[in-house]
Amino acid sequence: MDTLPDNRTRVVEDNHSYYVSRLYGPSEPHSRELWVDVAEANRSQVKIHTILSNTHRQASRVVLSFDFPFYGHPLRQITIATGGFIFMGDVIHRMLTATQYVAPLMANFNPGYSDNSTVVYFDN
């Protein structure tokens with residue numbers, strides 16, 4: 001990936017055997033099509049996870065309404081964690097959770113600090 005002088009990135013396509021990855025910088029028009037604002041989404045599909053919204057360093061399994069392809073394997077269940085992680089597959093042992101995840105918001109969140117904090121997910 002090339003970093004341009006104004007700190008933007010250039011679109012790069014990298015083909016692999018199980019997936020195709022594409023990176024879009026903030027100025028790319030296609031990046032706006034990929035972002036979903038849950039505040040404006042279909043409210044029947046947006047779910048507040050009440051247990052995770054009141055705890056720290058916890059995770060909970062969620063069943064999806066579709067198969068999610070993860071490295072060539074269709075998954076119907078994921079595990080959402082308060083640390084901003086989405087774990088894939090069965091949690092057999094701690095090392096597995098350390099390797100099979102997507103971390104879009106990786107941080108040490110504690111939604112239990114405030115009644116206004118919630119863990120929300122959108123299954124579309």
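Two strands pair if DSSP finds at least two bridges between them. Keep that in mind as you tour this predicted model.

**The whole chain**

Start with the protein chain in cartoon view, where you will find 2 helices and 8 strands. Following the sequence, the elements come in the pattern β-β-α-β-β-β-β-α-β-β. Now switch on the surface: about 9,200 Å² of the chain is accessible, and carbon and sulfur atoms account for 53% of that. Of the 124 residues, 26% are buried. As for contacts between residues at least 6 apart in sequence, 39% join residues at least 24 apart.

**First stop: S3 and S8**

Select residues 46-49, which form strand S3, and add S8. The two strands run antiparallel and are joined by 4 bridges. Which residue of S8 stands opposite histidine 49? Look across from histidine 49 and you will meet valine 119.

Stay with S8, residues 119-122, and show its side chains. In a regular strand the side chains alternate between the two faces of the sheet. Here Val119 and Tyr121 point to one face and are buried, while Val120 and Phe122 point to the other face and are not buried. Valine 120 has a relative accessibility of 35%, so it counts as partly exposed.

Next, colour Val120 together with Val36, Val38 and Ile48. These residues make a nonpolar surface patch of about 280 Å².

**Second stop: threonine 118**

Step back to threonine 118, in the loop between S7 and S8. Is threonine 118 buried, partly exposed or exposed? Its relative accessible area is 43%, and partly exposed covers the range between 20% and 50%, so threonine 118 is partly exposed. Beyond its neighbours within four places in sequence, threonine 118 touches Ile48 and Ser53. Try a distance label from the C-alpha atom of threonine 118 to that of leucine 52: the separation is 7.6 Å, although the two residues are 66 apart along the chain.

**Third stop: the open sheet**

Now select S4, S5, S6 and S7. These 4 strands form an open sheet in the order S4-S5-S6-S7, with antiparallel pairing. At the edges are S4 (59-70) and S7 (101-102), each pairing on one side only.

Zoom in on S4 and S5, the latter covering residues 73-81. The two run antiparallel and are joined by 8 bridges. Two facing pairs are good to pick out: valine 62 stands across from isoleucine 78, and valine 63 across from glutamine 77. S4 and S5 form a hairpin with 2 residues between them. In that turn, click on tyrosine 71, which has a positive phi of about 50 degrees.

**Last stop: the nonpolar core**

In soluble globular proteins, nonpolar side chains tend to be buried together. To see the largest nonpolar core here, show Leu52, Val62, Leu64, Phe70, Leu75, Ile78, Ile80, Met88, Val119 and Tyr121 as spheres: 10 residues in total. Which elements give two or more residues to this core? They are S4, S5 and S8.

Finish at leucine 52, one of the core residues. Leaving aside neighbours within four places in sequence, leucine 52 is in contact with Gln58, Ala59, Ser60, Ile80, Thr82, Pro111 and Val119. Val119 brings you back to where the tour met S8, opposite histidine 49.

How values were computed: Residues are numbered from 1 along each chain as its sequence is written. This is a predicted model: local features need pLDDT of at least 70, side-chain atom pairs count only at pLDDT 80 or more; totals for chains, interfaces and linings use all residues. Side-chain values use heavy atoms; hydrogens and water are left out. Buried means under 20% relative accessible area, exposed over 50%, partly exposed in between (1.4 Å probe, protein chains only). Contact means heavy atoms within 4.5 Å. Accessible areas come from the Shrake-Rupley method with a 1.4 Å probe; for residues, only the protein chains shown count as cover. Patches are made of residues with over 30% relative accessible area and no salt bridge: like charges are joined within 9 Å, nonpolar side chains (Val, Leu, Ile, Met, Phe, Trp, Tyr) within 5 Å. A salt bridge is a side-chain nitrogen of Lys or Arg within 4 Å of a carboxyl oxygen of Asp or Glu. A nonpolar core is a set of buried Ala, Val, Leu, Ile, Met, Phe, Trp, Tyr and Cys residues joined through side-chain atoms within 4.5 Å.
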